[in-house]
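Here is a short tour to read alongside the viewer. Keep the sequence and the 3D view open as you go.

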Amino acid sequence: MASADQTVLQFVPLSTSLSAKVHPLVIFNICDCFVRRPDQAERVIGTLLGSILPDGTVDIRNSYVVPHNESSDQVALDIDYHHNLLSSHQKVNPKEVIVGWFSTGFGVTGGSALIHEFYSREVSNPVHLTVDTGFTNGEASIKAFVSINLSLGDQQLAAQFQEIPLDLRMVEAERVGFEILKTTAVDKLPSDMEGMEATMERLLALIDDTYKYVDDVVEGRVAPDNTVGRFISETVSSVPKMSPPAFDKLVNDSLQDQLLLLYLSSITRTQLSLAEKLNTAAQIL
(Lines give C-alpha, C1' and ligand atoms only; values in the text may rest on other atoms or scores of the structure.)
Protein backbone atom coordinates (compact mmCIF):
# COMPACT_ATOMS: atom_id res chain seq x y z
CA MET A 1 0.00 0.00 0.00
CA ALA A 2 1.36 3.38 -0.92
CA SER A 3 2.14 5.76 1.91
CA ALA A 4 -0.10 8.79 2.28
CA ASP A 5 2.86 11.02 3.14
CA GLN A 6 4.83 10.94 -0.10
CA THR A 7 7.73 13.31 -0.80
CA VAL A 8 7.26 14.96 -4.16
CA LEU A 9 9.85 16.85 -6.23
CA GLN A 10 8.10 19.84 -7.76
CA PHE A 11 8.47 23.33 -9.16
CA VAL A 12 6.50 26.04 -7.39
CA PRO A 13 4.79 27.94 -10.27
CA LEU A 14 4.26 31.68 -10.38
CA SER A 15 1.03 32.83 -8.83
CA THR A 16 0.35 35.23 -11.72
CA SER A 17 1.71 35.96 -15.16
CA LEU A 18 4.24 38.71 -14.47
CA SER A 19 5.58 41.33 -16.84
CA ALA A 20 7.77 44.38 -16.38
CA LYS A 21 8.43 47.71 -18.02
CA VAL A 22 11.58 49.76 -17.56
CA HIS A 23 12.19 53.46 -18.18
CA PRO A 24 15.25 54.73 -20.14
CA LEU A 25 16.62 56.52 -17.07
CA VAL A 26 17.24 53.13 -15.47
CA ILE A 27 19.16 51.82 -18.48
CA PHE A 28 21.29 54.98 -18.74
CA ASN A 29 22.01 54.89 -15.00
CA ILE A 30 23.11 51.24 -15.17
CA CYS A 31 25.40 51.95 -18.14
CA ASP A 32 26.87 54.98 -16.35
CA CYS A 33 27.55 52.88 -13.24
CA PHE A 34 29.24 50.25 -15.41
CA VAL A 35 31.53 52.84 -17.01
CA ARG A 36 32.48 54.23 -13.56
CA ARG A 37 33.00 50.82 -11.94
CA PRO A 38 36.28 50.00 -10.12
CA ASP A 39 39.06 48.64 -12.31
CA GLN A 40 38.97 45.17 -10.74
CA ALA A 41 35.18 44.79 -11.04
CA GLU A 42 33.86 42.78 -13.98
CA ARG A 43 30.25 43.85 -13.52
CA VAL A 44 28.03 46.04 -11.37
CA ILE A 45 24.88 45.11 -9.52
CA GLY A 46 22.30 47.24 -7.77
CA THR A 47 18.74 47.79 -6.62
CA LEU A 48 15.71 48.51 -8.80
CA LEU A 49 13.03 50.89 -7.53
CA GLY A 50 9.51 51.39 -8.78
CA SER A 51 5.99 50.19 -8.09
CA ILE A 52 3.50 47.49 -8.94
CA LEU A 53 0.76 48.70 -11.29
CA PRO A 54 -2.89 47.67 -10.79
CA ASP A 55 -2.62 45.11 -13.62
CA GLY A 56 0.35 43.44 -11.90
CA THR A 57 3.05 44.90 -14.16
CA VAL A 58 6.31 45.79 -12.40
CA ASP A 59 7.09 49.44 -13.27
CA ILE A 60 10.88 50.02 -12.92
CA ARG A 61 11.56 53.77 -12.66
CA ASN A 62 14.84 54.19 -10.78
CA SER A 63 17.97 52.33 -9.69
CA TYR A 64 21.20 52.65 -7.75
CA VAL A 65 24.36 50.58 -7.64
CA VAL A 66 25.34 48.52 -4.57
CA PRO A 67 29.07 47.83 -3.93
CA HIS A 68 29.91 44.14 -3.86
CA ASN A 69 32.76 41.64 -3.92
CA GLU A 70 32.33 38.56 -6.05
CA SER A 71 34.28 35.33 -6.39
CA SER A 72 33.58 31.98 -8.02
CA ASP A 73 31.49 30.61 -5.13
CA GLN A 74 30.34 33.59 -3.06
CA VAL A 75 29.06 37.15 -3.33
CA ALA A 76 29.32 39.81 -0.60
CA LEU A 77 26.98 42.83 -0.74
CA ASP A 78 27.38 46.06 1.20
CA ILE A 79 23.99 45.74 2.92
CA ASP A 80 24.43 48.86 5.08
CA TYR A 81 25.10 50.97 1.97
CA HIS A 82 22.03 49.46 0.30
CA HIS A 83 19.73 50.30 3.23
CA ASN A 84 21.15 53.83 3.70
CA LEU A 85 20.72 54.70 0.02
CA LEU A 86 17.23 53.21 -0.01
CA SER A 87 16.28 55.39 2.96
CA SER A 88 17.62 58.49 1.15
CA HIS A 89 15.68 57.66 -2.02
CA GLN A 90 12.43 57.15 -0.16
CA LYS A 91 12.78 60.54 1.53
CA VAL A 92 12.63 62.10 -1.95
CA ASN A 93 10.03 59.75 -3.42
CA PRO A 94 8.30 57.57 -0.81
CA LYS A 95 6.16 55.88 -3.48
CA GLU A 96 9.18 54.10 -4.97
CA VAL A 97 9.87 50.75 -3.34
CA ILE A 98 12.24 47.87 -4.07
CA VAL A 99 11.00 45.80 -7.00
CA GLY A 100 14.16 43.81 -7.76
CA TRP A 101 17.81 44.12 -8.71
CA PHE A 102 19.98 44.51 -11.79
CA SER A 103 23.31 43.27 -13.05
CA THR A 104 25.43 43.94 -16.12
CA GLY A 105 26.48 41.10 -18.35
CA PHE A 106 24.87 38.64 -20.73
CA GLY A 107 22.14 36.73 -18.91
CA VAL A 108 22.14 35.03 -15.52
CA THR A 109 25.43 33.98 -13.88
CA GLY A 110 26.32 31.49 -11.16
CA GLY A 111 26.21 34.05 -8.35
CA SER A 112 22.82 35.44 -9.39
CA ALA A 113 20.93 32.94 -7.21
CA LEU A 114 22.76 34.14 -4.07
CA ILE A 115 22.00 37.80 -4.80
CA HIS A 116 18.41 36.98 -5.72
CA GLU A 117 17.98 35.19 -2.39
CA PHE A 118 18.98 38.37 -0.54
CA TYR A 119 16.50 40.52 -2.50
CA SER A 120 13.81 37.89 -1.93
CA ARG A 121 14.06 38.79 1.76
CA GLU A 122 13.66 42.49 0.87
CA VAL A 123 10.60 42.07 -1.37
CA SER A 124 8.45 39.16 -2.45
CA ASN A 125 9.11 37.83 -5.97
CA PRO A 126 11.78 40.38 -7.06
CA VAL A 127 12.60 41.01 -10.71
CA HIS A 128 16.14 40.43 -11.96
CA LEU A 129 17.10 42.81 -14.81
CA THR A 130 20.18 42.06 -16.92
CA VAL A 131 21.80 44.63 -19.24
CA ASP A 132 24.41 43.39 -21.70
CA THR A 133 26.87 46.29 -21.63
CA GLY A 134 29.38 44.24 -23.63
CA PHE A 135 27.14 44.15 -26.74
CA THR A 136 27.66 40.38 -27.03
CA ASN A 137 25.39 39.98 -30.06
CA GLY A 138 26.08 43.44 -31.47
CA GLU A 139 23.30 45.11 -29.48
CA ALA A 140 22.41 45.96 -25.90
CA SER A 141 20.35 42.95 -24.82
CA ILE A 142 18.02 43.81 -21.91
CA LYS A 143 16.11 40.98 -20.21
CA ALA A 144 14.04 40.48 -17.06
CA PHE A 145 13.77 37.30 -14.99
CA VAL A 146 11.92 35.97 -11.97
CA SER A 147 12.84 32.97 -9.83
CA ILE A 148 10.87 29.73 -9.60
CA ASN A 149 11.63 27.48 -6.62
CA LEU A 150 12.42 23.78 -6.95
CA SER A 151 11.40 22.04 -3.74
CA LEU A 152 11.50 18.52 -2.37
CA GLY A 153 8.56 18.28 -0.05
CA ASP A 154 8.88 21.23 2.31
CA GLN A 155 12.59 21.69 1.61
CA GLN A 156 13.73 24.15 -1.07
CA LEU A 157 16.55 22.74 -3.20
CA ALA A 158 17.27 25.27 -5.93
CA ALA A 159 15.87 28.15 -7.96
CA GLN A 160 15.31 28.46 -11.69
CA PHE A 161 15.29 31.84 -13.46
CA GLN A 162 12.47 32.29 -15.94
CA GLU A 163 12.40 35.17 -18.42
CA ILE A 164 9.33 37.42 -18.36
CA PRO A 165 8.07 39.96 -20.93
CA LEU A 166 9.89 43.30 -20.70
CA ASP A 167 8.68 46.57 -22.21
CA LEU A 168 11.09 49.49 -22.66
CA ARG A 169 8.86 52.54 -22.22
CA MET A 170 9.96 55.95 -23.51
CA VAL A 171 8.57 59.10 -25.03
CA GLU A 172 9.70 60.25 -28.47
CA ALA A 173 12.36 62.64 -27.10
CA GLU A 174 13.86 59.81 -25.03
CA ARG A 175 13.72 57.45 -28.00
CA VAL A 176 15.88 59.77 -30.14
CA GLY A 177 18.56 59.91 -27.44
CA PHE A 178 18.38 56.14 -26.91
CA GLU A 179 18.83 55.45 -30.62
CA ILE A 180 22.00 57.60 -30.57
CA LEU A 181 23.49 56.21 -27.36
CA LYS A 182 22.72 52.53 -27.98
CA THR A 183 25.32 52.27 -30.77
CA THR A 184 28.58 50.52 -29.96
CA ALA A 185 30.71 53.68 -30.19
CA VAL A 186 29.68 57.33 -29.88
CA ASP A 187 32.30 60.02 -30.59
CA LYS A 188 30.39 62.73 -28.75
CA LEU A 189 26.96 63.59 -27.51
CA PRO A 190 24.94 65.50 -30.11
CA SER A 191 24.29 69.19 -29.64
CA ASP A 192 20.77 70.59 -29.56
CA MET A 193 20.88 71.48 -33.25
CA GLU A 194 22.25 68.06 -34.20
CA GLY A 195 19.53 66.42 -32.11
CA MET A 196 16.89 68.53 -33.87
CA GLU A 197 18.34 67.58 -37.24
CA ALA A 198 18.24 63.87 -36.35
CA THR A 199 14.64 64.24 -35.18
CA MET A 200 13.61 65.92 -38.43
CA GLU A 201 15.35 63.24 -40.49
CA ARG A 202 13.49 60.55 -38.55
CA LEU A 203 10.19 62.42 -39.04
CA LEU A 204 10.75 62.70 -42.80
CA ALA A 205 11.59 58.98 -42.98
CA LEU A 206 8.36 58.12 -41.17
CA ILE A 207 6.36 60.38 -43.53
CA ASP A 208 7.97 58.68 -46.55
CA ASP A 209 7.08 55.24 -45.15
CA THR A 210 3.48 56.39 -44.60
CA TYR A 211 3.23 57.74 -48.14
CA LYS A 212 4.57 54.47 -49.53
CA TYR A 213 2.12 52.40 -47.50
CA VAL A 214 -0.88 54.51 -48.56
CA ASP A 215 0.16 54.35 -52.24
CA ASP A 216 0.60 50.56 -52.02
CA VAL A 217 -2.88 50.19 -50.49
CA VAL A 218 -4.48 52.44 -53.13
CA GLU A 219 -2.76 50.54 -55.96
CA GLY A 220 -3.77 47.19 -54.47
CA ARG A 221 -0.22 45.98 -53.81
CA VAL A 222 -0.79 45.69 -50.03
CA ALA A 223 -3.89 44.54 -48.16
CA PRO A 224 -5.40 47.39 -46.13
CA ASP A 225 -5.08 47.27 -42.34
CA ASN A 226 -7.87 49.03 -40.46
CA THR A 227 -5.69 49.59 -37.37
CA VAL A 228 -2.97 51.34 -39.37
CA GLY A 229 -5.61 53.36 -41.21
CA ARG A 230 -7.09 54.60 -37.92
CA PHE A 231 -3.63 55.62 -36.67
CA ILE A 232 -2.96 57.57 -39.88
CA SER A 233 -6.38 59.23 -39.69
CA GLU A 234 -5.87 60.28 -36.05
CA THR A 235 -2.41 61.63 -36.85
CA VAL A 236 -3.60 63.68 -39.83
CA SER A 237 -6.60 65.05 -37.92
CA SER A 238 -4.37 66.13 -35.02
CA VAL A 239 -2.37 68.48 -37.31
CA PRO A 240 -3.99 71.96 -37.41
CA LYS A 241 -5.16 73.05 -40.83
CA MET A 242 -3.16 76.10 -41.95
CA SER A 243 -1.71 77.55 -45.10
CA PRO A 244 1.92 76.82 -46.08
CA PRO A 245 3.07 80.43 -45.36
CA ALA A 246 1.52 80.29 -41.88
CA PHE A 247 3.17 76.90 -41.24
CA ASP A 248 6.58 78.22 -42.38
CA LYS A 249 6.21 81.23 -40.08
CA LEU A 250 5.34 78.96 -37.15
CA VAL A 251 8.40 76.75 -37.76
CA ASN A 252 10.73 79.73 -38.24
CA ASP A 253 9.49 81.41 -35.06
CA SER A 254 10.00 78.20 -33.11
CA LEU A 255 13.48 77.78 -34.59
CA GLN A 256 14.44 81.34 -33.66
CA ASP A 257 13.26 80.73 -30.09
CA GLN A 258 15.41 77.61 -29.98
CA LEU A 259 18.46 79.49 -31.26
CA LEU A 260 17.89 82.25 -28.70
CA LEU A 261 17.79 79.67 -25.90
CA LEU A 262 21.04 78.14 -27.17
CA TYR A 263 22.67 81.58 -27.22
CA LEU A 264 21.52 82.43 -23.69
CA SER A 265 22.64 79.06 -22.31
CA SER A 266 26.05 79.53 -23.94
CA ILE A 267 26.41 82.97 -22.34
CA THR A 268 25.39 81.51 -18.97
CA ARG A 269 27.97 78.74 -19.20
CA THR A 270 30.67 81.25 -20.12
CA GLN A 271 29.74 83.51 -17.20
CA LEU A 272 29.78 80.61 -14.75
CA SER A 273 33.17 79.49 -16.03
CA LEU A 274 34.62 83.01 -15.64
CA ALA A 275 33.16 83.33 -12.14
CA GLU A 276 34.68 79.99 -11.14
CA LYS A 277 38.13 80.98 -12.44
CA LEU A 278 37.95 84.37 -10.71
CA ASN A 279 36.92 82.72 -7.46
CA THR A 280 39.81 80.25 -7.71
CA ALA A 281 42.29 83.07 -8.43
CA ALA A 282 40.95 85.10 -5.46
CA GLN A 283 41.42 82.15 -3.12
CA ILE A 284 45.00 81.60 -4.30
CA LEU A 285 45.89 85.30 -3.90
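## Asp59 and its polar partners

Which side chain does a polar contact of 3.0 Å join to that of Asp59? The partner is Arg61, whose side chain meets the side chain of Asp59 at 3.0 Å. Before going further, please keep in mind that this is a predicted model.

Asp59 belongs to strand β4. A second polar contact, 3.0 Å long, runs from the side chain of Asp59 to the side chain of His23. With a relative accessibility of 5%, Asp59 falls under the 20% limit and therefore counts as buried. Leaving out residues up to four places away in sequence, Asp59 touches Lys21, His23, Leu49, Gly50, Ser51 and Leu53.

## The protein as a whole

Stepping back, you will find seven helices and eleven strands in the protein. There are 285 residues, of which 24% count as buried. The exposed area comes to about 19600 Å², and carbon and sulfur atoms supply 56% of that area.

How do the contacts spread along the sequence? Take the contacts between residues at least 6 apart in sequence: 60% of them join residues at least 24 apart.

## The aromatic cluster

A pair of aromatic rings is described by the distance of the centres and the angle of the planes. This structure holds two such aromatic pairs. In one of them, Trp101 and Tyr119 are stacked, with 6.1 Å from centre to centre and 10° between the planes. That pair links distant parts of the chain, since Trp101 sits in strand β7 (residues 97-104) and Tyr119 in helix α3 (residues 112-122), 18 residues apart. Phe118 and Tyr119 also pair: their ring centres are 5.1 Å apart and their planes meet at 75°, so this pair is edge-to-face.

Together, ring pairs link Trp101, Phe118 and Tyr119 into a cluster. Are these residues buried or exposed? Trp101 has 0% relative accessibility and so counts as buried. Tyr119, at 1%, is buried, and Phe118 is buried with a relative accessible area of 9%.

## Thr47, in contact with the cluster

Thr47 is found in strand β3 (residues 45-52). Its relative accessible area is 0%, so Thr47 is buried. The side chain of Thr47 makes a polar contact of 3.1 Å with the side chain of His82.

Which residues does Thr47 touch, not counting those up to four places away in sequence? They are Asn62, Ser63, Tyr64, Val66, His82, Ile98, Gly100, Trp101, Phe102 and Tyr119. Two names here are familiar from the ring cluster, namely Trp101 and Tyr119.

## Two loop residues

Pro67 lies in the loop between β4 (58-65) and β5 (68-70). Its relative accessibility is 36%, which lies between the 20% and 50% limits, so Pro67 counts as partly exposed. Neighbours within four places in sequence aside, Pro67 is in contact with Ala76, Leu77, Asp78 and Tyr81. For a pair of prolines to look up in the viewer, try Pro67 and Pro38: they are 29 residues apart in sequence, and their C-alpha atoms are 9.7 Å apart in space.

Asn125 has its place in the loop between α3 and β8 (127-131). Its phi is near 50°, a positive value in a residue other than glycine. Asn125 has a relative accessible area of 33% and is partly exposed.

## Helix α6 and a charge over a ring

Why does the length of helix α6 agree with what its residues should span? The 13 residues of α6 (residues 226-238) should span 18 Å at 1.5 Å a residue, and the end C-alpha atoms are indeed 18 Å apart, so the two values agree. The N-terminal end of α6 is capped by Asp225, which has a side-chain oxygen 3.0 Å from the backbone nitrogen of Thr227.

One last stop is Arg37, whose charged end sits over the ring of Phe34. The distance from that charged end to the ring centre is 4.0 Å.

Key. Residues are numbered from 1 along each chain as its sequence is written. This is a predicted model: local features need pLDDT of at least 70, side-chain atom pairs count only at pLDDT 80 or more; totals for chains, interfaces and linings use all residues. Side-chain values use heavy atoms; hydrogens and water are left out. Helices (H or I, at least four residues) and strands (E, at least two) are DSSP runs, numbered from the N terminus. The expected span of a helix is 1.5 Å times one less than its number of residues. A polar contact is a pair of N or O atoms within 3.5 Å; within protein, one must be able to donate a hydrogen and the other to accept it, and residues adjacent in sequence count only if both atoms are side-chain atoms. Rings of Phe, Tyr and Trp (its six-membered ring) pair if their centres lie within 6.5 Å; planes under 30 degrees apart count as stacked, over 60 as edge-to-face and the rest as tilted. Buried means under 20% relative accessible area, exposed over 50%, partly exposed in between (1.4 Å probe, protein chains only). A charge sits over a ring if NZ of Lys or CZ of Arg is within 6 Å of the ring centre and within 35 degrees of the ring normal. Contact means heavy atoms within 4.5 Å. Accessible areas come from the Shrake-Rupley method with a 1.4 Å probe; for residues, only the protein chains shown count as cover.
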